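Trainee: Could you take me through this structure slowly? I would like to know where to start looking.

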Amino acid sequence: MVPQLKAVIFDLDGVITDTAEYHYRAWEALSKELGIPFTKGFNEELKGISRMESLEKILVLGGKQNDFTTDEKTLLADRKNDYYRRLIETITPQDILPGIKEFIFDLKQNGIKMGLASVSKNAFTVISRLELAGEFDVIVDAALIQKGKPDPEIFLRAAEQLSVVPADCIGIEDAEAGITAIKAAGMFAVGIGNVERLVQADLIYHSTEEIQFDEIRAAFYSAKS
Ligand code: B16
Ligand code: MG
């Protein structure tokens with residue numbers, strides 16, 4: 001069967017809105033309290049990675065991986081989440097990244113289904129604050145996902161819930177781990193951000209502002225032919 005574009009599956013943080021910045025600020029605050037030097041560069045490695053895995057990486061960065069019990073780590077992760085939740089309280093529809101509303105409009109006009117594949121347990125809160133919840137045919141519940149990105153599970157789950165085969169889907173991501181997950185799921189990958197970091201993507205835009213539905217559709221079909 002020749003693939004046909006039927007669905008677009010979005011990452012949330014860094015694609016629909018800039019919550020990637022809020023995750024960064026929340027981890028930065030916690031790292032400071034723990035005396036761990038945390039940089040924007042290191043934060044790139046946490047994009048698309050679950051809360052607990054992110055904490056483990058930060059502790060390794062600070063050489064503190066053996067300093068806390070499992071219960072203490074849970075408290076640290078909860079503290080980061082409190083900081084993050086305080087930051088997302090102020091989100092409004094104005095925080096939808098440029099070009100995304102127009103892209104959603106084009107998808108609807110062309111009868112393309114929409115899915116959300118965010119590993120964030122706060123995804124539904126964010127998408128509701130952006131007033132976009134009604135736009136999605138499927139929002140995968142991150143709590144039901146066993147393996148985070150770069151595992152393809154969340155993208156495969158979205159396709160399954162949309163009743164679409166992976167080859168007929170496009171995934172959009174800003175994180176290296178996310179692009180790896182999309183490719184492992186057998187989907188066409190659109191990357192948002194730095195070309196060097198997102199080399200595996202089939203098509204890359206520097207920012208969401210540049211996204212063009214017609215261009216993405218043409219690239220999808222030419223890759224499949
Ligand atoms: P939470 P995505 C990911 O969301 C973020 O990129 C990552 O930085 C974060 O640690 C992860 O969600 C978990 O988020 O702590 O809110 O459950 O990129 O998959 O939309
Ligand atoms: Mg992201």
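**The metal site**

Mentor: This is a predicted model, and a good place to begin is the magnesium ion (ligand 2), which is coordinated at 2.1 to 2.2 Å by Asp 11 (OD), Asp 13 (O) and Asp 174 (OD).

Trainee: How are the donor residues spaced in sequence?

Mentor: Their spacing is D-x1-D-x160-D. Asp 13 sits in the loop between strand 1 (7–10) and helix 1 (19–34), while Asp 174 sits in the loop between strand 4 (169–173) and helix 8 (176–184), so this pair, 161 residues apart, links distant parts of the chain.

Trainee: Is Asp 13 buried or exposed, and what about Asp 174?

Mentor: Asp 13 is buried, and Asp 174 is buried as well.

Trainee: New topic: which residues have the most contacts inside the largest nonpolar core?

Mentor: They are Phe 10, Ile 16, Phe 103, Ile 170 and Ile 172, in a core of 39 residues. Domain 1 (7–17 + 92–224) and domain 2 (20–88) both give residues to this core, which is why it lies between them. Apart from it there is another core of 22 residues, including Ile 145, Leu 162, Ile 179 and Ala 185.

Trainee: And what is the volume of the largest cavity?

Mentor: It is about 330 Å³, and of the 25 residues that line this cavity, Asp 13, His 23, Leu 46, Gly 48 and Ile 49 are the closest to its centre.

Trainee: Which helices each supply at least two residues of that lining?

Mentor: Those are helix 1, helix 3 (51–61) and helix 4 (70–88).

Conventions
Residues are numbered from 1 along each chain as its sequence is written. Chains are lettered from A and ligands numbered from 1 in the order in which they are written. This is a predicted model: local features need pLDDT of at least 70, side-chain atom pairs count only at pLDDT 80 or more; totals for chains, interfaces and linings use all residues. Side-chain values use heavy atoms; hydrogens and water are left out. A nonpolar core is a set of buried Ala, Val, Leu, Ile, Met, Phe, Trp, Tyr and Cys residues joined through side-chain atoms within 4.5 Å. Buried means under 20% relative accessible area, exposed over 50%, partly exposed in between (1.4 Å probe, protein chains only). Domain bounds come from an automatic or database domain assignment. Donors are N, O and S atoms within 2.8 Å of the metal (3.2 Å for Na, K and Ca); water is not among the atoms, so sites may look incomplete. Helices (H or I, at least four residues) and strands (E, at least two) are DSSP runs, numbered from the N terminus. On a 1 Å grid over the protein atoms alone, a cavity is a set of points where a 1.4 Å probe fits but cannot get out, and a pocket is an open set with protein on both sides within 12 Å along at least five of seven lines; lining residues have an atom within 4 Å of a point. Grid points are joined across faces, edges and corners, and a volume is the space filled by probe spheres set on the points.
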